[in-house]
Amino acid sequence: MSLVDSKKMFEMAYKNGYAVGAFNVNNMEITQGIVSAIAEEKAPLILQISRGARSYANIDYLKAIIGVVVAQNPDIPVCMHLDHGDTFETCKQCVDDGFTSVMIDASGKPFEENIEITKQVVEYAHDHNVVVEAELGQLGGIEEDVVGVSQEDIGKHLTDPEQAIEFIEKTGCDSLAIACGTSHGAYKFKVEPTLAFDVISGISEKIPGYPLVMHGSSSVLKEFKDLINKYGGDMPNAMGVPESAIGEAAKMAICKVNIDTDLRMALTAKIRQVFSETPGEFDPRKYLGPGREAIRKMVKRKLQVLGCSGKAAECA
Ligand code: G3H
Ligand code: 13P
Ligand code: ZN
């Protein structure tokens, strides 16, 4: 099977009440860790590449790695997606590079401007059989290339369901990333959050069958935070979205769930542990290997939360 877009995945995920995991990739070990879990669980897969990943790894390397994933896993539908494209030019470049799905994130722009940029991307992408995810509303958190609102303001920037319908109708985007209380990165909240499930149901009541996307969906698991801190790290106040809330959203109209931070933390915790317990070790395979294995276990756990284990065949 060659790379696929996400249409069939989202159709099945919506119909059968689960979500597809979208995992960020930056190098070979991260990709292998993700894919070994996916292959064991027979789940559909979205591998996403941010602008930061493009410039860190060089897109030709990432494309080659994903090419091997596709060749070695003929029964797994794999979608190659641009995460947080910021301009028409970036999205166009990714369409031209062979991505099967792109995100245009103009959510920081005024409503009308977001519509105009998204429409431009949709027109180009659809002409090339590529699907488009857009974003409306603003998440919290700050990462390398994605700036969000402050923790205190997350509730003020949730997606308005009425506006979402207008946005979808005017742009023709294939899926919409919404702000429903999640946040990017490891420092999402000061107290445990409650997601705004009414934003999700408010949109799905008005436009049944339409796939929604939830970014900032890492759970920042305590055991990994504790391991990082135990082995010399410094992440005392990290906090994420509870797995139970992610599972609830996955049963609703959320068809794609973005996870990066939890994979970063699994890898970091394991590498720190190896360095701490065997300070004489200097063979990269001796720490990247266990790190890759930690990612495999983390992704397996996520697939259970999202309910997409065993769903590869129906999405193909
Ligand atoms: O939401 C953004 C993703 O976690 C990617 O982060 O821009 O640092 O690669 P990045
Ligand atoms: P996390 O930082 O919660 O993993 O979110 C990742 C994300 O939304 C990528 O687009
Ligand atoms: Zn995101």
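Analyst: Let's start with what counts as a helix here: a DSSP run of H or I that is at least four residues long, numbered from the N terminus. Bear in mind that this is a predicted model. In it, Lys222 and Asp226 both lie in helix α9, four residues apart, which is about one turn of the helix.

User: What makes the contact between Lys222 and Asp226 a salt bridge?

Analyst: The cut-off is a Lys or Arg side-chain nitrogen within 4 Å of an Asp or Glu carboxyl oxygen. Lys222 and Asp226 come in at 2.5 Å, N to O, so the pair qualifies.

User: Why is Lys222 called exposed?

Analyst: Exposed means over 50% relative accessible area. Lys222 has 57%, so the label fits. Its partner Asp226 sits at 33%, and because that falls between 20% and 50%, Asp226 is called partly exposed.

User: What makes Asp260 buried?

Analyst: Buried means under 20%. Asp260 has a relative accessible area of 13%, so buried is the right word. Asp260 also forms a salt bridge with Arg264 (2.9 Å, N to O), and Arg264 is partly exposed at 43%.

User: How do you know that Lys300 and Glu40 form a salt bridge?

Analyst: Same check: their side chains meet at 2.6 Å, N to O, and the limit is 4 Å. Lys300, at 25% relative accessibility, counts as partly exposed, and so does Glu40, at 40%.

User: Why can you say that the pair Lys300 and Glu40 ties parts of the chain together?

Analyst: Lys300 lies in helix α12 (residues 284-306) and Glu40 in helix α2 (residues 28-41), so their bridge links parts that are 260 residues apart in sequence. Both residues also belong to a network of salt bridges with Glu41, Glu293 and Arg296. Across the structure there are 21 salt bridges.

User: What makes a residue a donor to the zinc ion (ligand 3), and which ones are they?

Analyst: A donor N, O or S atom has to be within 2.8 Å of the zinc. His84 (NE2), His184 (NE2) and His215 (ND1) coordinate the ion at 2.0 to 2.1 Å, so they pass. Along the chain, the spacing is H-x99-H-x30-H. His184 is in the loop between β6 (175-178) and α8 (197-206), and His215 in the loop between β7 (212-214) and α9 (222-230), so this pair joins parts 31 residues apart. Both His184 and His215 are buried.

Terms used: Residues are numbered from 1 along each chain as its sequence is written. Chains are lettered from A and ligands numbered from 1 in the order in which they are written. This is a predicted model: local features need pLDDT of at least 70, side-chain atom pairs count only at pLDDT 80 or more; totals for chains, interfaces and linings use all residues. Side-chain values use heavy atoms; hydrogens and water are left out. Donors are N, O and S atoms within 2.8 Å of the metal (3.2 Å for Na, K and Ca); water is not among the atoms, so sites may look incomplete. Helices (H or I, at least four residues) and strands (E, at least two) are DSSP runs, numbered from the N terminus. Buried means under 20% relative accessible area, exposed over 50%, partly exposed in between (1.4 Å probe, protein chains only).
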